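Colleague: Before I read further, I would like a close look at one part of this model, a place where the backbone takes an unusual turn. Please begin there and then carry the account onward into the surroundings that seem worth a student's attention.

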Amino acid sequence: MSEVLTTEDQLLAGFEGWLNQHFEASSSLKTIKKAGAENFKKLGLPARKSEAYKYTPITKVIEKNFDLKISESPSSLTKSDCESKFYADEDANHLVFINGIFVEDYSKIISASSELTIKVLDDQAINEHSELKSNLGQVNGSQVDPFAALNLAYFNQGVFIRAEKNTDNKNTYIYQFIDGTEQTVLFPRVFVYGATGSRTKIYEKTFISGKENSLNISIVESMVESNAEVRYTKLQNYTNSAYSIEGIYAHQDKDSRFYTNTFSFKGAVVRNNIYINIDAENCEGHMNGLYQLSGKTHVDTNTSVDHLKPHSYSNELYKGILDENSRAVFNGKIYVRPDAQKTNAFQSNNNILLSDTATINTKPQLEIWADDVQCSHGCTTGQMDEEAIFYLRSRGIEKTNAKALLLNAFANEALSEMQNELVKEEVEAIILNKLK
Amino acid sequence: MLKIDNLHASVEGKSILKGINLEVNAGEVHAIMGPNGSGKSTLASVLAGREEYEIEEGSITYQGKDLLELAPEERAHAGVFLAFQYPVEIPGVSTTNFLKTAVNQTREARGLKALDAVSFLKEMKEKMKLVDIDQALLSRALNEGFSGGEKKRNEIFQMAMLEPTLSILDETDSGLDIDALKVVADGVNKLKGPNNASIVVTHYQRLLDYIVPDFVHVLYKGKIVKSGDKSLALELEDKGYDWIKEEVAAL
C-alpha cells in the first residue's frame with residue numbers, strides 16, 4: 001500500500017537531497033532555505049476557497065499541468081544566443097537568468113561596484129551584506145505567501161543588486177530565459193537594495209524557447225532606503241504553455257519612491273503579487289499596469305499598498321483590454337493604518353471587454369483607520385464607446401482604425417510612468433500589434 | 001447634390017421620420033427648423049450614417065450615389081460632414097493626432113497624397129485662424145474638458161480641415177453665447193463656396209442672423225410641413241411654432 005502524497009509533499013520530495021547537494025553544512029543560506037521549506041509546509045498551497053486566489057484556482061492549475069518533480073533543467077543556450085536578445089542600450093547592465101539561475105558569465109555588467117553592486121545571491125553575498133542576510137525572505141510579508149516561501153526554499157543563485165549611497169545608476173535589464181526540452185519549474189530571485197539617495201532602474205523581460213509547460217515562481221524583494229528610488233518594470237509576453245506566479249515585495253523608508261510597471265500580454269496563467277509597504281513619512285509608491293489579453297490567457301493582479309506612517313502618497317492605475325476567451329482578475333488593497341494621517345492614496349482599474357466570452361473580476365478594497373486622509377478608488381468595466389467610434393468614423397477614420405485609436409489611447413495611460421524609451425517603444429508596438 | 005426622397009426612419013421600433021423630401025444643390029444653405037422632438041437631429045444622424053437608425057422607406061441620393069449604402073467613413077470621404085450637437089470627448093487622443101489621421105485617410109480615399117507633418121501643420125495653422133482656435137486646445141485630448149463653445153469651435157475647425165462638400169450642422173448654436181456664436185458662424189460663412197452646400201439644423205432663428213439661409217424648412221412630426229425663404233425663420237421667431245402645429249392639425 002502506498003501513502004497518498006499531498007501536492008506540497010510532492011513539491012518538497014527532493015528538497016533535502018537537493019539542498020545537501022548544493023549547500024555546505026555551514027552555509028547560512030542553507031538555514032534560510034530550510035526555513036523557507038518549513039514555512040511552505042506550514043502555509044500550504046492556496047486552498048480551493050482561498051480568498052487571495054479566489055478567481056485563480058492556482059493549486060488545481062499546478063496539479064493539472066505539472067508532474068511536480070523539481071529538477072534543474074539543462075539548457076543549450078549560448079552566451080551569444082542570450083546577447084542577441086539584449087536591448088540596444090550599450091551603457092547599461094544586462095543580466096541573464098537561464099531557467100531561474102543567474103548566469104554571471106553570460107551577463108554584461110558595466111556599473112562600477114562603488115555605484116551599483118551586482119552579484120550572485122549566494123552565501124558569499126549573504127556573508128558580506130548584513131542587509132541581505134537579515135532581510136532575505138522577510139521583506140514586507142513575503143514570508144506569508146506560499147509561493148514566496150517555495151521560492152526561498154528552491155532558488156539557487158539569484159541576483160543581489162545594491163545601489164550605493166547617492167548614486168544615480170545606469171539601466172539594468174534582466175532577461176529570464178526559459179529553455180528546456182522538458183517541463184521546467186524555475187525559481188528566479190532578485191533582491192534590490194537601494195541605499196540612501198540612490199536611484200535604480202530595472203527592466204525585466206522573459207524569453208521562452210521550450211514548448212513544454214513551464215512554471216515560473218519568481219520573487220523580487222526590494223528595500224528602498226531614505227530618499228532612494230527604485231523602479232521595477234516587467235514585460236510579460238509569454239507563451240500559451242507558460243504558467244507564472246510572480247511576487248514583488250517592497251519596503252519603503254522615509255522620503256523614498258518605488259515604482260512598478262507590469263505589462264502583461266500573453267501566458268497560460270499569470271499571477272502577479274505586488275505588495276508595497278510604506279513604513280515611513282513622505283514616501284511615494286506607484287503601481288501601474290496594463291493587461292491586454294486574448295486567447296485563453298488568464299492574468300491575475302493582486303496588489304496591496306500598506307500606509308503605516310503619515311504624509312505619504314500612493315497611486316495605482318491598472319488598465320485592461322480583454323478579447324476572445326481571456327480572463328483578468330484585479331484585486332487592489334489599500335490599507336491606511338491609524339498613524340498614517342494625511343495619506344493620499346489613489347487607485348483605479350479600468351477594463352474594456354471586446355468579446356462576450358472575455359471575463360474580468362475586479363475588486364478594489366480600502367481599509368482606512370486614519371481619519372484625515374484623501375483616498376479614492378474606482379473600477380470600471382465596459383465595452384467600447386460606440387458613440388466615440390461613430391464620431392471618429394464620421395471624420396473619415398475607418399472602423400478598425402477608429403477602434404485601434406481609442407484602445408491605444410486607453411492602454412497608453414498605463415505607460416505614463418515609463419521612462420525607458422526602448423522598453424516603452426516595445427510595449428507600444430505590442431499594444432498596436434495586438435489591436436490589428 | 002443631395003436628394004432625399006420619401007425618407008422614413010425609425011429607432012428602436014419608433015418611427016421618427018415619416019416621409020422627408022428635400023433637395024439641396026451646390027452653393028445653397030438650407031435651414032431645418034422645428035419644435036423639439038420633430039426629428040431634426042434624426043435627419044442629421046441618418047445623413048451621417050449613425051447605425052442605430054433603421055431606414056424603413058425612401059432613398060437618399062448624394063452626388064449620384066446611394067448614400068445609405070455607404071459606411072460613415074465612406075460618407076466622410078465622399079464629402080459629408082456632420083458637426084455634432086454633442087461632440088464626443090475622447091481621452092488620450094489629441095485633436096492634432098486625430099485630425100492628422102482623419103485628414104490623411106480622407107485624402108487617400110479621395111486619391112490624394114497623405115500630407116507630411118510639415119504641410120499638415122501649415123494647413124492646420126491656416127484653418128485655425130478661421131475659427132480663432134488656440135494651439136494649446138488642439139494639443140489637448142480631443143474635446144476632453146472643453147467648454148461648450150470650445151467643442152463647437154473645434155467642430156467647425158475639423159470641418160475646415162476636412163473640406164466637406166455637404167456640411168450638416170446639428171444644433172451648432174446650442175450652448176453658445178453670442179460671441180462664440182458669431183465666431184462659429186463666421187467660420188461657416190468663410191467656408192461657404194459655389195461647390196459646397198450646408199444644412200443648418202436649429203431650434204432658434206438666432207443662428208440664422210449670422211448664417212443666412214437660402215431656404216428654410218419646418219420639420220414637424222417627421223415631415224417637412226412648410227418651406228420658404230429666410231423670412232419664414234423670422235416669422236417662426238416672431239410667432240413660435242404653434243401656428244404651424246395648428247395648420248398641420250387643420251389638414
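Modeller: Let us begin with Asp132(B), which counts as exposed because its relative accessibility is 52% and the cut-off for that term is over 50%. The model is a predicted one. Asp132(B) belongs to the loop that joins α4 (117–131) to α5 (135–139) in chain B. Its phi is near 55°, a positive value in a residue that is not glycine. Most residues other than glycine have a negative phi.

A second positive phi, near 50°, is found at Asn99(A), again a residue other than glycine. Asn99(A) sits in the loop between β1 and β2 (101–102) of chain A. Is Asn99(A) buried or exposed? With 8% relative accessibility, Asn99(A) counts as buried, since buried means under 20%.

From that loop we may turn to the aromatic residues of chain A. Across all chains the structure contains 23 aromatic pairs. One of them joins Tyr87(A) and Tyr175(A), whose rings are tilted, with 35° between the planes and 6.2 Å from centre to centre. Tyr87(A) is found in the loop between α5 (79–83) and β1 (93–98) of chain A, whereas Tyr175(A) is in strand β5 (residues 168–178) of chain A; the pair therefore ties together parts 88 residues apart in sequence. Both partners are buried: Tyr87(A) has a relative accessible area of 11%, and Tyr175(A) one of 0%.

These two tyrosines also belong to one aromatic cluster, together with Phe86(A), Tyr173(A), Phe177(A), Tyr203(A) and Phe207(A). In addition, the charged end of Lys205(A) sits over the ring of Tyr87(A), 4.8 Å from the ring's centre. A related arrangement is made by Arg337(A), which lies over the face of Tyr335(A) at 4.8 Å from the ring centre.

Another aromatic pair is formed by Phe160(A) and Phe191(A); it is tilted too, at 6.0 Å centre to centre and with 45° between the planes. Phe160(A) is in strand β4 (residues 158–163) of chain A and Phe191(A) in strand β7 (residues 189–194) of chain A, so this pair ties together parts that are 31 residues apart in sequence. Both phenylalanines are buried.

Phe160(A) leads us to Thr117(A), a residue of strand β3 (residues 116–121) in chain A. Not counting residues up to four places away in sequence, Thr117(A) touches Phe160(A), Ile161(A), Arg162(A) and Glu164(A). Its relative accessibility of 10% means that Thr117(A) counts as buried. The side chain of Thr117(A) also reaches the backbone oxygen of Ser113(A), at 3.5 Å.

Finally, we may consider the nonpolar interior. In soluble globular proteins, nonpolar side chains tend to be buried together. The largest nonpolar core here has 116 residues; Leu2(B), Ile4(B), Leu47(B), Ile90(B), Phe157(B) and Ile199(B) touch the most other members. Helix α10 (residues 399–412) of chain A gives the most to this core, namely seven residues. Apart from this core lies another, of 49 residues, which includes Tyr238(A), Val305(A), Leu322(A) and Phe330(A). As for Ile199(B), its contacts beyond four places in sequence include Leu2(B), Leu22(B), Val24(B), Ile32(B) and Leu47(B), and also His30(B) and Ser167(B).

Notes. Residues numbered from 1 in each chain as written. Chains lettered and ligands numbered in written order. Predicted model: local features only at pLDDT ≥ 70, side-chain atom pairs only at ≥ 80, totals over all residues. Heavy atoms only, no water. Core = buried A, V, L, I, M, F, W, Y, C linked by side-chain atoms within 4.5 Å. Buried < 20%, exposed > 50% of the residue type's maximum accessible area, 1.4 Å probe, protein only. Helix = DSSP H or I, 4+ residues; strand = E, 2+ residues; numbered from the N terminus. Contact = heavy atoms within 4.5 Å. Polar contact = N/O pair within 3.5 Å; in protein donor to acceptor, adjacent residues only side chain to side chain. Phe/Tyr/Trp six-rings, centres within 6.5 Å; stacked < 30°, edge-to-face > 60°. Lys NZ or Arg CZ within 6 Å of the ring centre and 35° of its normal.
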